[in-house]
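Biologist: Please take a close look at one part of this model, the helix packing and the loops beside it. I should like the criteria behind each term to be stated as well.

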Amino acid sequence: MQPRPLENSDKINYFELGRMILEGENLSDKFFTAHVEWGEWKEKTLPRLPGRSGRIGFSDKQVKFPKMNCLHEVEKKALAIHSFANHELLAIEMMAAALLIYPHYTDEDVRFKKGILSSLKDEQKHLLLYIGRLNQLGFEFGDFPLNDFFWRQMEKLKNMAHYSSVMALTFEAANLDFAQYYAKVFKQMGDEETASILETVLEDEIGHVAFGAHWMKKWKGDKSLWDYYQASLPWPITPARSKGIGFDPQLHQRAVNDPHFILQLCEFDDQFHITKRSGKSHEGDKS
Ligand SMILES: [Fe+2]
Ligand SMILES: [Fe+2]
């Protein structure tokens with residue numbers, strides 16, 4: 001599958017592009033791409049759910065991420081890749097929503113949105129890579145249930161700082177660890193194809209987290225980035241969500257470039273484990 005080309009003109013208003021991606025119901029709509037003209041912001045309210053129909057529709061069924069020692073089985077491997085692909089699609093839709101719902105009045109606002117659009121295009125690339133790999137394994141995107149977990153946070157993100165805290169500094173930040181971790185796992189299993197996709201995703205995601213950190217630093221005023229980040233996170237999301245399996249502070253530092261922030265993040269981890277220690281597994285924290 002290739003991103004859908006625009007047929008009639010080279011340029012399209014940001015609003016039409018955002019709407020096509022967010023409200024389009026087919027997978028091809030989610031790959032829509034074009035040169036964007038920004039123009040004035042047009043008010044738009046957040047839909048309850050992104051447009052989805054047929055095999056990419058949302059499901060209430062819960063599917064467990066496969067256990068590590070099963071990932072060599074083709075179906076389990078496909079399920080893992082499908083889960084990564086689902087996150088990419090949700091990121092595409094949340095980014096399209098961000099282009100639409102947050103006002104842009106100044107050149108600076110438009111620059112921020114250009115950054116979102118650049119991340120969105122990377123997410124389209126990631127989704128395409130994962131779908132390509134699924135196809136090689138004999139599966140299609142939509143063969144397993146698709147959840148809306150990340151999307152459900154969107155209504156709480158009332159401004160660009162909320163959005164950047166959750167999308168870049170939390171979800172994409174956690175994805176740094178997950179991508180690094182699973183790239184190693186698949187490499188050790190001899191699956192170079194999947195490993196190299198995860199490595200590509202990792203490099204791009206470092207840029208996406210850095211983008212969010214850059215803007216949060218601009219907006220934070222006198223606060224530290226850490227305080228501003230925490231103040232911008234909607235309940236019940238905590239910084240614990242910004243760490244994935246094999247949390248690697250150096251990797252986060254590469255993206256965030258704020259040693260104080262990384263130190264606080266490490267310490268928060270300690271507090272989290274102390275307060276949550278109950279003898280149970282923390283597996284459920286990953287989503
Ligand atoms: Fe991505
Ligand atoms: Fe991303």
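Modeller: What follows is an account of the helix contacts, then of three residues in loops.

This is a predicted model, in which local features need pLDDT of at least 70 and side-chain atom pairs count only at pLDDT 80 or more, while totals for chains, interfaces and linings use all residues. Residues are numbered from 1 along each chain as its sequence is written, and chains are lettered from A and ligands numbered from 1 in the order in which they are written.

The predictor's confidence in each residue is pLDDT, on a scale from 0 to 100. Its mean over the protein is 92, and 90% of the residues reach 70 or more. Over residues 277-287 pLDDT stays under 50, and the model has four contacts beyond four places in sequence for that stretch. A contact here requires that the C-beta atoms of two residues, placed from the backbone, lie within 7 Å.

Helices are DSSP runs (H or I, at least four residues), numbered from the N terminus, and strands are runs of E of at least two. Their axes are lines fitted to C-alpha atoms, for helices over the stretch in contact, with angles from 0 to 180 degrees between N-to-C directions. Angles under 35 degrees count as roughly parallel, over 145 as roughly antiparallel, 65 to 115 as roughly perpendicular, and the rest as oblique.

Helix α4 (residues 107-136) and helix α6 (residues 192-219) have axes that come within 10 Å and cross at roughly 165°. α4 is therefore roughly antiparallel to α6. Their crossing is left-handed, that is, the near helix is turned anticlockwise from the far one by less than a right angle, clockwise being right-handed. On the α4 side the contact includes Phe112, Asp122, His126 and Arg133, and on the α6 side Glu193, Asp204, His208 and Trp215 are among the residues met. The residues of this contact divide into seven nonpolar, six polar and four charged. In this scheme Ala, Val, Leu, Ile, Met, Phe, Trp, Tyr, Cys and Pro are nonpolar, Asp, Glu, Lys and Arg are charged, and the others, Gly among them, are polar.

α4 also packs with helix α3 (residues 74-101), at an angle of about 155° and with the axes 9 Å apart. These two helices are therefore roughly antiparallel to each other, and α3 passes α4 in a left-handed crossing. Their contact has 18 nonpolar, four polar and four charged residues.

α6 in turn meets helix α8 (residues 249-256), their axes coming within 7 Å and crossing at roughly 55°. That angle makes α6 oblique to α8. Ile206, Val209, Ala210 and Ala213 of α6 face Arg254, Ala255 and Val256 of α8 in this contact. By class it has six nonpolar, no polar and one charged residues.

The loops remain. Gly142 lies between α4 and α5 (160-188) and touches Arg55 and Ile56, residues up to four places away in sequence not being counted. Because Gly142 has 19 C-beta neighbours inside 10 Å, it counts as partly exposed; 20 or more would be buried and 12 or fewer exposed, with C-beta atoms placed from the backbone.

Most residues other than glycine have a negative phi, and most peptide bonds are trans. Trp235 and Pro236 are joined by a cis peptide bond with omega of about 5°, and Pro236 is in the loop between α7 (225-232) and α8. Asn257, not a glycine, has a positive phi of about 55° and belongs to the loop between α8 and α9 (259-276). With 15 other C-beta atoms within 10 Å, Asn257 is partly exposed.
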